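User: I am new to this structure and would like a close look at a single part. Please take the side of one protein chain that touches its partner, and set that part in its surroundings.

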2 protein chains.
Amino acid sequence: MSYTYLMGRRAQISRPSILGAALAIADEQGLAAVTMSAVAARLDVTAMALYRHVAGKDDLLDGLVEALLTEMPPPAAELPWQQRLEHLAGALRSSAARHPAVFPLLLQRPAATEQARQVRDNVCAALHQAGLDPEQAARAERLISTAVLGFATSEAAGRFDHHPPDVRDADFACLLNAIHALITRGPA
Amino acid sequence: MSYTYLMGRRAQISRPSILGAALAIADEQGLAAVTMSAVAARLDVTAMALYRHVAGKDDLLDGLVEALLTEMPPPAAELPWQQRLEHLAGALRSSAARHPAVFPLLLQRPAATEQARQVRDNVCAALHQAGLDPEQAARAERLISTAVLGFATSEAAGRFDHHPPDVRDADFACLLNAIHALITRGPA
DNA sequence: ACCTGAACACCGTTCAAGT
DNA sequence: ACCTGAACACCGTTCAAGT
């Protein structure tokens, strides 16, 4: 084993550790505070050391949304489709509450990464089980995802701050109802 | 008149002219290119001159979303509520297409400005005409606005780029249908 | 292999000075 | 009143140099 050897050295940095530090800074002080030097400082390293693990600042931000999606718990497969969808929507909303600075980026990135595809596939699978054919499911997935992301982003960014939490909870419940209606009513 | 006097001097800058220049740069080169010096240069002025008309960069960005909302055409009052809503939603979508860099900011700002209130009031008025009481209308407005903003933002940011325009048009039509169903079905 | 020091071009912002 | 020059602290990024 080389444990003792590794433990004797200064903690090595890696892409995950960098993303973790960046996410923590974003959560605590906002996206503007996520600076190459700030992230590096939190890891006891200089800013230039980061460039060996991330291509640059843009790649770091891409990594942040990647990290958010990775945190998303997959829905329990044995639940009925409706509960699976509600579970996913709730997970998105709570992720927005935990990471209000980073979450809005989800709506602005290609959604072509592996993690994004996994979440999308989960939604599509639930919709397929609800009786939609693949094409209908794909379209419904796009509409449902944008609606939920839009709501969670608004809430996280403080666009609904003048409404108390119970009003926003009721808003969210109403959104879930509308989604359920969209699915069961079938395509229009 | 002091016309000749004014015309003799170098074109004065103002908050509207600054916002216009910033919006043009954002449309042409993206949000990252909207820099105090770039905006100033487009107006043949130094960066420091801007500070007399905007409080700083953040205020300038707030002004950009303000400018987008001001561009939104009010719906013709004599149309039935459904067409008014579709008109508003379409205007948002085309605004996103025209200003893809700035549009995502709409979901991230308080929506407490005067222009935001006007758009919101237009939606609420249409919903009231559809038979919803004020409280229902306010809730439906929040859900509809976030869904439409979410869709338009996704499209503008290129999140749907792998789908051809006619698919996205059909997506949008489906969204409008779902909204109509949400309204006529009543609150759930 | 991995990190650092030094350097570069650029950013937002201030404040006294010009006209 | 309105704009400029000079200056400051900071940003992302590079590249040769250290270990």
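Analyst: A word on the source comes before the details. This is a predicted model.

Start with how the two protein chains are arranged. Chain A can be laid on chain B by a rotation of 180° with 0.0 Å of shift along the axis. The RMSD of that superposition is 0.0 Å. The two copies are thus related as by a two-fold rotation axis.

Now the part you asked about. On chain A, 29 residues are in contact with 30 residues of chain B. Which helices of chain A each supply at least two residues of this side? They are helix H7 (134-157) and helix H8 (165-185). H7(A) gives the most, with 11 residues. By class, this side of chain A has 17 nonpolar, 7 polar and 5 charged residues. Chain B takes part in a matching way: 100% of the interface residues of chain A are also interface residues in chain B, so the copies meet through the same surface.

Next, step back to the whole of chain A. Its secondary structure comes to 8 helices and 0 strands. Read from the N terminus, the elements run α-α-α-α-α-α-α-α. The C-alpha trace spans about 60 × 45 × 25 Å along its principal axes. Chain A has 188 residues, and buried ones make up 35% of them. Take the contacts in chain A with a separation of 6 or more: residues 24 or more positions apart account for 66% of these.

The two interface helices also have a role in the packing inside the chain. Look at helix H5 (residues 81-98) of chain A. H5(A) has 18 residues. From its first C-alpha to its last, it reaches 26 Å, close to the 26 Å expected at 1.5 Å a residue. Several of its residues are buried, among them Arg84(A), Leu85(A), Leu88(A) and Leu92(A). Arg93(A), Ser95(A) and Ala96(A) are also on the buried list. What do the buried residues of H5(A) pack against? They pack against helix H4 (57-71), helix H6 (114-129), H7 and H8 of chain A. H7 and H8 are thus named twice: they supply residues to the side that touches chain B, and they pack against buried residues of H5(A).

The DNA strands come next. Around strand C there are 16 residues. Of these, Thr46(A), Thr35(B), Met36(B), Gly56(B) and Lys57(B) come nearest. Helix H3 (residues 36-42) of chain B gives the most to this surface, with 3 residues. By class, the surface has 9 nonpolar, 5 polar and 2 charged residues.

Strand D also has 16 residues around it. Here Thr35(A), Met36(A), Gly56(A), Lys57(A) and Thr46(B) come nearest. The largest share, 3 residues, comes from helix H3 (residues 36-42) of chain A. The surface near strand D has 9 nonpolar, 5 polar and 2 charged residues.

One last spot lies on chain B. Ser14(B) sits in the loop between helix H1 (3-8) and helix H2 (15-29). Is Ser14(B) buried or exposed? It has 12 C-beta neighbours inside 10 Å, so it counts as exposed. In sequence, Ser14(B) and His53(B) are 39 residues apart. In space, their C-alpha atoms are 6.2 Å apart.

Definitions and conventions. Residues are numbered from 1 along each chain as its sequence is written. Chains are lettered from A and ligands numbered from 1 in the order in which they are written. This is a predicted model: local features need pLDDT of at least 70, side-chain atom pairs count only at pLDDT 80 or more; totals for chains, interfaces and linings use all residues. Copies are superposed by least squares on the C-alpha atoms of residues with pLDDT of at least 70 in both. Two residues are in contact if their C-beta atoms, placed from the backbone, lie within 7 Å. A residue is near a molecule or strand if its C-beta atom, placed from the backbone, lies within 6 Å of it. Helices (H or I, at least four residues) and strands (E, at least two) are DSSP runs, numbered from the N terminus. Ala, Val, Leu, Ile, Met, Phe, Trp, Tyr, Cys and Pro count as nonpolar, Asp, Glu, Lys and Arg as charged, and the others, Gly among them, as polar. A residue is buried if 20 or more other C-beta atoms lie within 10 Å of its own, exposed if 12 or fewer, and partly exposed in between; C-beta atoms are placed from the backbone. The expected span of a helix is 1.5 Å times one less than its number of residues.
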